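Hello,

Please find the structure we talked about below. My notes on it follow, and I hope they help you find your way around.

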Amino acid sequence: MSKIDIETARRVAKLARIRVPEQNLPQLANQLSGILSFMEQLNEVDVTGIEPMTSVTPMRLKRRVDGVTDGGMQAKILANAPDAREGFFAVPKVVE
Amino acid sequence: MTLNALTIAEARDLLRARKVTSVELTEACLSAIDGADALNAFVHKTPEIALTRARAADQRLAGGDAPAMCGIPVGLKDLFCTEGVASQAGSNILKGFVPQYESTVTAQLRDAGAVMLGKLNMDEFAMGSSNETSCYGNAVNPWKVDDRTLTPGGSSGGSAAAVAANLCLGATGTDTGGSIRQPAAFTGITGIKPTYGRCSRWGVVAFASSLDQAGPMTHTVRDAAIMLGAMAGHDPRDSTSADLAVPDFEAALTGDIRGKTIGIPREYRMDGMPAEIEKLWADGTAMLKDAGAKIADISLPHTQYALPAYYVIAPAEASSNLARYDGVRYGHRAALGKGDGITEMYEKTRAEGFGAEVQRRVMVGTYVLSAGFYDAYYNRARRVRALIKRDFDLAFAAGVDAILTPATPSAAFGLGEMADADPVAMYLNDVFTVTVNLAGLPGIALPTGLSAQGLPLGLQLIGQPWGEADLLNIAQVLETAAGFVSKPAKWW
């Protein structure tokens, strides 16, 4: 598997929605490469016929009635918003 | 009698006998907390809430039907959401966040009458092994043997420091890869990570949802049994919480482990293991044998792949969980420039709000989940995880009741000593604990000796799924045999 180059580091930062200044990209690429090469050890393991684990305890998720159990707490929901107006979360313009 | 140095069991008995009040206990802890700012363990103090709850607990105790935790002053890791009290997960992005609800675990403690003293320091979003990624600055280990200040471990470093320094009688921790057990070992206290699903994750800020579990950090195994009993139980709001009855863990402490089989996994004997860790482990093995247990050499062949599997799975889940910190609904929002749109808002907010280690892990997680790499990294890691769990299943099926290992590869190290190290070097702290999270098993760390330098060293016992009662009983036998009584000398 390939080492992380600066271009890949830039793309990963974009996907993660984290702004990384251009001058920090080489160090980031280097650190990500180090971590990923540590993970390459996993290629030594024979995983033929082994299913990826989805649940660590063999349990079936419980079912419940699809009903309204909670609600009517608009003020609480908005209490921590950086910008709330007229009962809504406010964000910069999304659609031109 | 130094009230803040009591064990939970001692305090409970004195409270029930009406020889001490919860207000007295609470005041003793509050004054110890105020005198321990140098440890930076408590990062949000809640003395008014504490005294209000202590008075209520005293009334309940007077009524004569108080649960075991009633009136016991505890500290809560900053990862637990507490209604009306700041809960930042050690992060800047949640600065100023005041939950409008209470986590299930802390609500159960509150309802049992436990007294909240405040919130405890931790690594940012529980990502770290030294408490050095916290937005509050380092928590400091009360143990000190030279000029250096030492790490209390991480991520539950504030919890560990607070219990070890007698600032509270017990504390909540959480453990995703070793975050209860490694700090417990570094500070000479006891910490148990229960079986995945034993404690509700609802209201606990999520790191890696398939690995995260809450647990108690206490002075003794008996205290861990008492406090775990109050924290555990089914919660309809966490779909992975197990609908199983919670046993009386304290009643399981019979002191009799005759006929139990203790597995000693050969793969945990790492190259370059310090002689004192090897001796600690051999001594612990001998103690359990002397108590009547059978010792069995066992093999857990996929052990060496646990850390790399963990450092794929945990960041993958973290990158998904931490996507919610976008500056819209809660927490920090970056100041925007002219013309900045919503993407700039996300990118600037997350760059300003997340620390370096969290950014790194979110990006590693993003990478291993991205198109073209999902199968090569993430699915492969989940397959290896299945093999790691199978190793344990086979050992238990062969008759092993519990497994004994070292808790950490070393004693506590100095704050700042790992600053220039590779991130992977820090990850090696979790080498003995991370397998337990991947397999969803209960694991307990307890102090059994001192290093040549005079710092505490711990062993880990790993139990069968849902076997906390049995595990605590074995741990208490080891605790009694080891007779670890050392305490840090007060310098703060």
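**A strand in chain B and its partners**

Strand β2 (residues 73-77) of chain B pairs with β4(B) over 2 bridges, in the parallel sense. Please bear in mind that this is a predicted model. Across this pairing, B:Gly75 stands opposite B:Ala171 in β4(B).

β4(B) also pairs with strand β6 (residues 213-218) of chain B. Here the sense is antiparallel, and there are 6 bridges. In this pairing, B:Gly170 stands opposite B:Thr218 in β6(B).

Is β4(B) enclosed or open? Of its 6 residues (170-175), 6 are buried, so the strand is largely enclosed by the rest of the structure. In a regular strand, side chains alternate between the two faces of the sheet. Both faces of β4(B) are covered. On one side, B:Gly170, B:Thr172 and B:Thr174 are buried. On the other side, B:Ala171, B:Gly173 and B:Asp175 are buried too.

**The nonpolar core**

The largest nonpolar core has 171 residues. Which of them touch the most other members? They are B:Val74 and B:Leu461. The element that gives the most to this core is α9(B), with 10 residues.

B:Val74 deserves a closer look. Its neighbours within four places in sequence are left aside here. Its contacts then include B:Leu109, B:Ala114, B:Val115, B:Met116 and B:Leu117. B:Val74 is also in contact with B:Cys168, B:Leu169, B:Gly170 and B:Ala171. Two of these, B:Gly170 and B:Ala171, are buried residues of β4(B).

**Chain A**

Chain A has 3 helices and 2 strands. From the N terminus on, the order is α-α-α-β-β. The radius of gyration of chain A is 22 Å, well over the 12 Å that the globule rule gives for 96 residues, so chain A is more spread out than a compact globule. Along the principal axes, its C-alpha atoms fill a box of roughly 55 × 45 × 25 Å. Buried residues make up 16% of the 96 residues in chain A.

**Where the chains meet**

How many residues does each chain bring to the contact? Chain B brings 58 residues and chain A brings 38 residues. On the chain B side, α9 (306-321), α10 (342-353), α11 (356-368), α12 (374-397) and α13 (423-427) each supply at least two residues. α12(B) gives the most, with 12 residues. By class, the side of chain B that touches chain A has 31 nonpolar, 13 polar and 14 charged residues.

Best wishes

Key:
Residues are numbered from 1 along each chain as its sequence is written. Chains are lettered from A and ligands numbered from 1 in the order in which they are written. This is a predicted model: local features need pLDDT of at least 70, side-chain atom pairs count only at pLDDT 80 or more; totals for chains, interfaces and linings use all residues. Two residues are in contact if their C-beta atoms, placed from the backbone, lie within 7 Å. Helices (H or I, at least four residues) and strands (E, at least two) are DSSP runs, numbered from the N terminus. Ala, Val, Leu, Ile, Met, Phe, Trp, Tyr, Cys and Pro count as nonpolar, Asp, Glu, Lys and Arg as charged, and the others, Gly among them, as polar. The radius of gyration is taken over C-alpha atoms; the globule rule is 2.2 Å times the number of residues to the power 0.38. A residue is buried if 20 or more other C-beta atoms lie within 10 Å of its own, exposed if 12 or fewer, and partly exposed in between; C-beta atoms are placed from the backbone. A nonpolar core is a set of buried Ala, Val, Leu, Ile, Met, Phe, Trp, Tyr and Cys residues joined through C-beta atoms within 7 Å. Two strands pair if DSSP finds at least two bridges between them.
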